[in-house]
Amino acid sequence: KSTDGGITWVEKFQMDTVAYKAGDVCFVNSTTGFVGGNYGKVLKTTDGGETWQKITLPDSTADDYNRSIHFFDPNLGYVLSNNNKSSKIYKTTDGGSTWIVTAAITGTYMYSLDFSSPKTGIAVGTSGSLYYTTDGTTWNIGTGPTNWPPLISYSRTDQWSVKFISPTTAVSCGWGSIAAGFQPTIF
């Protein structure tokens with residue numbers, strides 16, 4: 001935790017095994033925040049990061065890694081969790097005490113999710129995978145990105161991150177692949 005704008009840092013919590021790794025972080029106010037980790041764990045603080053509580057997502061395994069977290073307030077939030085075989089989007093309405101799976105996506109590795117409102121969200125992943133929700137619960141397959149610029153033909157369109165910049169516009173970025181090698185892409 002830093003209290004001087006990032007100049008100095010104090011360790012407040014250490015995962016209990018070497019295998020743990022942290023994913024995304026989301027604070028909804030100055031006291032309540034969440035961090036995603038592997039083994040299906042989410043860390044929650046309600047005192048500005050002084051102490052952390054471990055929450056385990058239901059049906060998670062040792063392979064599950066919580067890559068992306070988005071909370072609107074201390075109660076309503078989403079976690080994108082994945083492993084080598086599938087991805088799941090979890091939703092909580094009680095600050096992480098209980099979770100439901102709102103999407104189970106097989107055959108692709110999802111990397112990131114973002115929301116413009118509690119009901120409107122996008123999740124992106126490998127090979128142009130894109131899912132969206134308009135009710136905050138049901139996820140639909142969307143149309144993946146198109147190549148840009150139009151004259152370049154990518155053999156891959158992996159999207160590693162997505163961010164809404166307005167209620168109707170989102171930007172994603174990742175890696176494409178052309179004959180010259182891996183190239184960064186923005187959609």
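**Exercise 1.** What percentage of the 187 residues in the protein is buried?

*Solution.* Keep in mind from the start that this is a predicted model. Buried residues account for 43% of the 187 residues. Turning to the surface, the protein exposes about 9,800 Å², and carbon and sulfur atoms supply 54% of that area.

**Exercise 2.** Work out how many helices and how many strands the protein has.

*Solution.* The protein contains 15 strands and zero helices. As a further step, consider the contacts between residues at least 6 apart in sequence, of which 35% join residues at least 24 apart.

**Exercise 3.** Describe the largest nonpolar core and find which strand gives the most to it.

*Solution.* The largest nonpolar core has 12 residues, among them Leu-80, Ile-105, Met-110, Phe-115 and Trp-139. The elements that each give two or more residues to this core are strand S6 (77–82), strand S8 (100–106) and strand S9 (110–115). Of these, S9 gives the most, with three residues. To look at one member in detail, set aside the neighbours of Met-110 within four places in sequence; Met-110 is then in contact with residues including Arg-67, Leu-80, Ile-105, Ala-123 and Tyr-131. A second, separate core has 10 residues, including Ile-55, Leu-57, Val-79 and Tyr-90.

**Exercise 4.** Decide whether Cys-26 is buried or exposed, and place Cys-173 in its class.

*Solution.* Cys-26 has a relative accessible area of 11%, which is under 20%, and therefore Cys-26 is buried. Cys-173 has a relative accessible area of 35%, which lies between 20% and 50%, so Cys-173 is partly exposed. Finally, the count of disulfides in the model comes to zero.

Methods. Residues numbered from 1 in each chain as written. Predicted model: local features only at pLDDT ≥ 70, side-chain atom pairs only at ≥ 80, totals over all residues. Heavy atoms only, no water. Helix = DSSP H or I, 4+ residues; strand = E, 2+ residues; numbered from the N terminus. Buried < 20%, exposed > 50% of the residue type's maximum accessible area, 1.4 Å probe, protein only. Contact = heavy atoms within 4.5 Å. Areas by Shrake-Rupley, 256 points an atom, 1.4 Å probe, with all protein chains shown as cover. Core = buried A, V, L, I, M, F, W, Y, C linked by side-chain atoms within 4.5 Å. Disulfide = S-S within 2.5 Å.
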